[in-house]
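Please walk me through one sheet in this structure. Start with the strands, then go down to single residues.

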Amino acid sequence: IAPKGILSASSDPTGAYFYLDGKYKGYTSLTPITVKDLYEGSYQVKFTKYGYETYQTTIKILPGQTTTIKPKLKPLVSPTPTPTPSPTYTNTNTSY
């Protein structure tokens, strides 16, 4: 029987929802989320946190090893309101 791999997931900052292959696995806190008994292969990971960009990537799990992931989440940039230019009117009506 081939040994299985382990995934250790946390985020900076903490408090993100963690998904592995689309399935919710936990909420990142000071203690990493540990997912055991993973078969060797590629997995999709996703971290979501309100006010931050969603982080998604593909990781590789190797047998008998612990793969650690700790992305630095980027704060969402609130859009800066752009000033609306005053409309300028051009009279194109030439018939009087």
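What follows moves from the sheet to two of its residues.

Keep in mind that this is a predicted model. Begin with the sheet. It is open, has three strands, and its order is β4-β1-β7. The pairing is mixed. Strand β4 covers 33-38 and is an edge strand, as is β7. Each of these two pairs on one side only. From one strand to the next, the twist averages 15°.

Now take the pair β1 and β7. These two strands run parallel, and four bridges join them. Strand β1 spans residues 5-9, and β7 spans residues 66-69. Look across the pair at Leu 7: Thr 67 of β7 stands opposite.

Next, follow β7 by itself. Its side chains alternate between two faces. Thr 67 and Ile 69 point to one face and are buried. Thr 66 and Thr 68 point to the other face and are not buried.

Stay with Thr 67. Why does Thr 67 count as buried? Its relative accessibility is 17%, and the cut-off for buried is under 20%. Thr 67 therefore falls in the buried class. The side chain also has a polar partner: it reaches the backbone oxygen of Lys 60 at 3.3 Å. Which residues does Thr 67 touch, once neighbours within four places in sequence are set aside? One group is Ile 6, Leu 7 and Ser 8. The other is Lys 60, Ile 61 and Leu 62. Of these contacts, Leu 7 is the residue already met opposite Thr 67.

Finish at Gly 5, in strand β1. Is Gly 5 buried or exposed? Its relative accessible area is 0%, so Gly 5 is buried. Again leave aside neighbours within four places in sequence. Gly 5 is then in contact with Val 35, Lys 36, Asp 37 and Leu 38, among others. Its contacts also include Ile 61, Leu 62, Pro 63, Gly 64 and Gln 65. Val 35 deserves a second look. Gly 5 and Val 35 are 30 residues apart along the chain. Their C-alpha atoms are separated by 8.7 Å.

Definitions and conventions
Residues numbered from 1 in each chain as written. Predicted model: local features only at pLDDT ≥ 70, side-chain atom pairs only at ≥ 80, totals over all residues. Heavy atoms only, no water. Buried < 20%, exposed > 50% of the residue type's maximum accessible area, 1.4 Å probe, protein only. Polar contact = N/O pair within 3.5 Å; in protein donor to acceptor, adjacent residues only side chain to side chain. Contact = heavy atoms within 4.5 Å. Pairing = 2+ DSSP bridges. Axes fitted to C-alpha atoms, helices over the stretch in contact; angles between N-to-C directions.
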